[in-house]
Amino acid sequence: MSTEAEALELDAADPGHRELFDVPPAQGGDYPEVAYFAGNSLGLRPKATRAELLEDLDSWAALGVEGHLDAARPWLPYHELLTGPAARLVGALPSETVVMNTLTVNLHLLMVSFYRPTRSRHRIVIEDSAFPSDSYAVRSQVEFHGYDAEDAVIRLRPRPGENSLRTADVVEQLGGDVALLLLGGVNYLTGELMDIPTITKAGHAAGAIVGWDLAHAAGNVPLALHDWDVDFAAWCSYKYLNSGPGAIAGAFVHERHLGADLPRFEGWWSTDAKTRFEMTPESRPPATADAWQVSNPPIFAMSPVRTSLEIFDKIGIEVLRERSVRLTTYLAELLADFEVITPADPARRGAQLSVRVPGAGALSRRLRFEYGVIADSREPDVLRFAPVPLYSTYHDCWRAGAAMAEVTA
Ligand SMILES: *Cc1c(COP(=O)(O)O)cnc(C)c1O
């Protein structure tokens, strides 16, 4: 077992960017700040977020409606400030990327275009441990089209006795009746990182559309959505992307679908910005992902996303991923006495480690109030620890390992 002094030495050698974030005070234990492992659920607030949000808010006070054009960051094209950084984060072209709405709403808007079932091909494949919102979204889409969700939704399970899905087993399930494959890039429960390029290719070979929910992947692992030929994807911004509770989400539509004749639910922000104020009865959507926008965006909700994406853009997801692998490997060593259900191979996981342990809910509360260690529990028996490369430290990991040993002794 690594000692506290060793953890502090590792921090000195590999420091991260904790100084950019507000770390909450601990409610128990020997240290003033929490050891925060819930960045996979709600990331911490960047210090710059408050001041930059207030600047945007004050433009409203100073300019009223003229802020649409005259604010320091004008509101009309505000969402475009987020497009480049978001595109670079997920390995997309700016034309393929838009920051809008929230995650499940984006999944629905994208399924309007990309889930177009026929009698012979109407099934949707998801993982059995899909986040509930995704399960409800696909079931409601299936039923909206008049099919039976029990029959049409295929839920992939790991082999008996295993915790994660094997790529070959996923590929094998892709019959000619599958219209859409919609998996989590990183599973929220197990932390498994799926082989996105291989599964996308196999889905296409089976004649299916392949979409990815990147809620736990965006800002966690490098992605190359364009090169991997993913059809569409969506992600939220409040987990690894540190943009605050309910933050505005992202969406990706591959270039080869842009400008195509696809069904879409439209509003005045779906039309080309250059002609928007001509107020014509018919929209003229641009050949970009902006065509999937519906309403004018909430500026004060986008502001924290902009601030956070700039941090990722400056440091780079590849650099963060390298530190992430080092931190998570260190934490895995400290948790070696526990049943970690996340794949052991760093190439098959992101930052998160999921520990299967009886009484996870009660343990999570003890970790918080007796040790200042924030790790959440998920039913029935999983504790999740996500060291975040931007702000987590080796010392945080050491605290988690020591606290876990004590609460389970
Ligand atoms: C967090 C998460 C969601 C949450 O959906 P919202 O629309 O942002 O409330 C959905 N799906 C997955 C896989 C998630 O991890």
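Reader: Why is Pro132 called exposed?

Author: Pro132 has 8 other C-beta atoms within 10 Å, and a residue counts as exposed if 12 or fewer other C-beta atoms lie within 10 Å of its own, as buried if there are 20 or more, and as partly exposed in between, with C-beta atoms placed from the backbone; Pro132 is therefore exposed. This is a predicted model, in which local features need pLDDT of at least 70 and side-chain atom pairs count only at pLDDT 80 or more, while totals for chains, interfaces and linings use all residues. Residues are numbered from 1 along each chain as its sequence is written.

Reader: What makes Ser133 partly exposed?

Author: Ser133 has 16 other C-beta atoms within 10 Å, a value between the two cut-offs, so Ser133 is partly exposed. Ser133 lies in helix α6, and Pro132 also has its place in α6, where a helix is a DSSP run of H or I with at least four residues, a strand is a run of E with at least two, and both are numbered from the N terminus.

Reader: How do you know that Ser129 is buried?

Author: Ser129 has 20 other C-beta atoms within 10 Å, and since 20 or more is the condition, Ser129 is buried. Ser129 lies in the loop between β5 (123–127) and α6, and touches Asn187, Leu189 and Thr190, not counting residues up to four places away in sequence; contact requires that the C-beta atoms of two residues, placed from the backbone, lie within 7 Å.

Reader: What makes Lys239 a buried residue, and what does the record list there?

Author: Lys239 has 27 other C-beta atoms within 10 Å and is therefore buried. UniProt lists Lys239, in an unreviewed entry, for "modified residue: N6-(pyridoxal phosphate)lysine"; its positions are given in the numbering used here, feature names are shortened, and annotations may be inferred rather than shown by experiment. Lys239 lies in the loop between β9 (232–235) and β10 (249–253), and its contacts, not counting residues up to four places away in sequence, include Asn40, Ala215 and His216.

Reader: Which residues are around the ligand, and how are they classed?

Author: Among the residues around the ligand are Thr102, Phe131, Ser133, Asp213, Ala215 and His216, a residue being near a molecule if its C-beta atom, placed from the backbone, lies within 6 Å of it. By class, this shell has 5 nonpolar, 5 polar and 2 charged residues, where Ala, Val, Leu, Ile, Met, Phe, Trp, Tyr, Cys and Pro count as nonpolar, Asp, Glu, Lys and Arg as charged, and the others, Gly among them, as polar.

Reader: Why do the residues listed by UniProt for "binding site" not all gather at one spot?

Author: The unreviewed entry lists several residues, including Leu103, Pro132, Ser133, Tyr238 and Asn296. They span 194 residues in sequence, and the farthest two C-alpha atoms are 31.4 Å apart, so they do not all gather at one spot.

Reader: How do you know that β12 and β15 pair?

Author: Strands pair if DSSP finds at least two bridges between them, and β12 (353–356) and β15 (residues 382–385) have 4 bridges in the antiparallel sense; the condition is therefore met. Val355 stands opposite Leu383 in β15. Both strands belong to an open sheet of 4 strands in the order β11-β12-β15-β14, and β11 (339–340) and β14 (376–378) stand at the edges, each with a single partner strand, so one side of each is left without a neighbour in the sheet.
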